[in-house]
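Me: Please take a close look at the way the helices pack against one another in this structure, and go through it slowly, since I am new to reading such models. I would also like to know how that part sits beside its partner chain.

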Amino acid sequence: MFDGLIMFGHSIASFATPTTILYALVATLVGLVIGALPGLTATMGVALMTTMTLTLQPNDAILILICTYVGAIYGGSRSAILLNIPGTPASAASCLDGYALARQGLAGRAMGIATTGSVLGTWIGMFFLATLTPVLGEVALKFGAYEFFWLAVFGVVISGNLTGNDPLKGWIAGFLGLFIATIGQEGLYAHDRFTFGYHDLSGGIALLPALVGAFGFAEVLTVMRDKPRDVILNSFDAVIPRIRDVLQYWRTIIRSGVIGTGIGIIPGVGEDVAAWSSYAAARRASKEKEKFGKGSVEGLMAAETGDNACVPGSVIPVLTLAVPGSAPAAVLLAAMLIHGVQPGPLIMVNSPQFVFDVVAMMLIASVAILIYGLTLTRLLVKILQVPQTLVMPVIFVLCVVGSFALASRVFDIYVMLFFGIAGFLLRRLNYPMAPLVLGIVLGDLLDKNLRRGLVLSDGDLTPFFTRPISVVLFLLIAGTVLLNIPVFHRAAVSLWAYVSAPFRRTKRPDQPTSRRPHD
Amino acid sequence: MDDRKPSAFADLVSGSCWVALAAAIMIGSWRMDRLEHLQASIYSAPGIVPGLIGVALALMGLVLMLRAWWAGALAGAGRPRFAWSEHARLLTAVALCLAFAIGLVGRGPPFWLAAAIFIAVTVFAFQFPERRAARTLLRGALIAVVYGLVSGYAVHYVFQELFLVRLP
């Protein structure tokens, strides 16, 4: 406990230099602008910033990326409140009550609530990042080939199930990602797979150009396809957060923070699901349900706390298992590998200081969004009025630079183009991108560990289903898949109703129904 | 994400594409070298994992096709009607982006100039209808060129000079 605090103190002290603070402030501002501009996502922002930070020291580079990530997730709330357009998918839930408050002339208060929720959400996530990472690191040390295989499958299945609105298409996208990861030299014998004699394919499909394509170029095409809409901005009042909002909704804040962090830990799910889940939980527990969607302070607070708590949460599996909790966290994982940081089960053994460096980075990012939240509203309003016709061509140029700069290969630009066009078409057909990205990240883990496991057991499948962690992961996967099949779903609902019947509170016949007005 | 639900026919087509891709993956995996000459275990053969992924993709593609069929895909519901005029903006964007990334980058002009040309042409092309209606074509062209040059040089300066990143 105290060791952790001391290491955290060291991390804070090491970041207290003018250059580092400048990096953090600039990166958060860039993230905020990216997040605020509809069509530009946190994933794209972090991917493009990775290119810029290639020559920096690892800690500076990761700090910049984390500040961009936190800034972008927070920035999405600005356009959600002022324009009713979520700047990032994570802010979609904030549109409901944020824009409703803005329509009532309370845009400033809504932005203050978003700032409060985002900062507190990041702090709650940060607390769990500091406390859960060592624990999860211990558990991860027990993982062998069988467990890592199931973890990869679990990531793809759960991500496919929770992102988007069609689990079957999510799983197809995930397995497509797993296949893409098998292209190139495989990890055990360096044998070329699906390269067709093309040398550039031997190195495999690099994650960053694929991500820049799927999240950058595809977004550029999506925005350019539609005629630009007139920007109608709401006027805004004072943006200073109110202490009363925090004190009044402290339960909602803590609940949303915990939900957001928990969803962040689940591989590949991400901030949008965290925001919606926190929002739904707040609505269920609220005494003012009828206000939700009509300008509820509690609803906006829940959504903003949930999505920002998800950011530190999604970094927990990155550090302990080298499995990203969200699409931007996948870029963060790639950036860590580029900079020679080795996340995974051994991180608490080999470089525990780095874990607390990341916690300190989250704190710095949250302070930066607090500063910008209080000061930069007018500038952001101006930025939101810049026509997208001017922004998108520059973004595409950055996509080209971003995909080329990593390995100085023109081939990577072609990879970006391919994934951009394919990503655009897949989105139009309702295939989510997050499972695809997670599949590309987890493909190597799945490939090596399935074959290692089979070699170790000489082809016997029993260890895949009998080791404690393996069987838990397998049951979770099987349960997730089966619950999406209507007949199993109905059977599970009936079974649950039967099992839980004795524990449910029975209503007395003389009890008036008006005593449960909020159900 | 686009929330519009695609038609059953689109799902049938995409499902059949996945089945075809999965079949190609399975055939490729089956025909892949099993490295027996290296005394490698059959369980570590490079084709095992892609083969299994191919099987899973084929199954899911078939389920998607069946679901689309039940939803009336073959009855003609939701067949797309492609009109070039509806997709003019998208096709223009794709053409300009491909022309820049494949035709301009690394083909002679320095990156800042290539980027400036692309940005200027794209901005002008996408503002053309409004500019023409407002009779400000010349002004629009001038703004596009200046904006392109400033943006192209800014990208060059920030990446190459400030962050020492190699540009194409």
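**Helix packing, and the partner chain**

Reply: In this predicted model, helix 10 of chain A contributes A:Leu207, A:Ala210, A:Leu211 and A:Ala214 to a contact with helix 21 of chain A, whose own part is made up of A:Leu436, A:Val437, A:Ile440 and A:Val441. Sorted by class, the residues of this contact are eight nonpolar, no polar and no charged. The two helices, covering residues 207-225 and 434-456 of chain A, have axes that come within 11 Å and cross at roughly 175 degrees. Because an angle over 145 degrees counts as roughly antiparallel, helix 10 of chain A is described as roughly antiparallel to helix 21 of chain A.

A second pair involves helix 4 of chain A and helix 15 of chain A, the latter spanning residues 327-338, and here the packing angle is about 175 degrees with the axes 10 Å apart. That angle makes helix 4 of chain A roughly antiparallel to helix 15 of chain A. On the side of helix 4 of chain A, the contact uses A:Ala61, A:Ile62, A:Leu65 and A:Tyr69, and these meet A:Pro328, A:Leu332, A:Ala335 and A:Met336 of helix 15 of chain A. The class count for this contact is eight nonpolar, no polar and no charged residues.

Helix 4 of chain A, which runs over residues 58-83, also packs with helix 14 of chain A, residues 297-321, and their axes come within 9 Å while crossing at roughly 165 degrees. This crossing angle makes helix 4 of chain A roughly antiparallel to helix 14 of chain A, and the crossing of the two is right-handed. From helix 4 of chain A the contact takes A:Tyr69, A:Val70, A:Ile73, A:Tyr74 and A:Ser77, while helix 14 of chain A brings A:Glu304, A:Asp307, A:Asn308 and A:Val311. Here the classes are mixed, with five nonpolar, two polar and two charged residues. A:Tyr69 takes part in the contact with helix 14 of chain A and also in the contact with helix 15 of chain A.

Turning to the partner, 53 residues of chain B are in contact with 50 residues of chain A. On the chain B side, helix 1 (8-30), helix 2 (48-70), helix 3 (88-104), helix 4 (111-134) and helix 5 (137-162) each provide at least two residues, and helix 2 of chain B gives the largest share, nine residues. That side of chain B holds 40 nonpolar, eight polar and five charged residues.

Chain B itself is divided into domain 1 (8-75) and domain 2 (84-162), whose centres, taken over C-alpha atoms, are 41 Å apart. An unreviewed UniProt entry lists "transmembrane region" for residues 12-30, 42-66, 87-105, 111-128 and 140-159 of chain B. Among these, residues 87-105 of chain B are 89% helix and 0% strand, with end C-alpha atoms 26 Å apart, whereas residues 111-128 of chain B are 100% helix and 0% strand, with their end C-alpha atoms 25 Å apart.

Key
Residues are numbered from 1 along each chain as its sequence is written. Chains are lettered from A and ligands numbered from 1 in the order in which they are written. This is a predicted model: local features need pLDDT of at least 70, side-chain atom pairs count only at pLDDT 80 or more; totals for chains, interfaces and linings use all residues. UniProt positions are given in the numbering used here, feature names are shortened, and annotations may be inferred rather than shown by experiment. Helices (H or I, at least four residues) and strands (E, at least two) are DSSP runs, numbered from the N terminus. Domain bounds come from an automatic or database domain assignment. Two residues are in contact if their C-beta atoms, placed from the backbone, lie within 7 Å. Ala, Val, Leu, Ile, Met, Phe, Trp, Tyr, Cys and Pro count as nonpolar, Asp, Glu, Lys and Arg as charged, and the others, Gly among them, as polar. Axes are lines fitted to C-alpha atoms, for helices over the stretch in contact, and angles run from 0 to 180 degrees between N-to-C directions. Angles under 35 degrees count as roughly parallel, over 145 as roughly antiparallel, 65 to 115 as roughly perpendicular and the rest as oblique. A crossing is left-handed if the near helix is turned anticlockwise from the far one by less than a right angle, and right-handed if clockwise.
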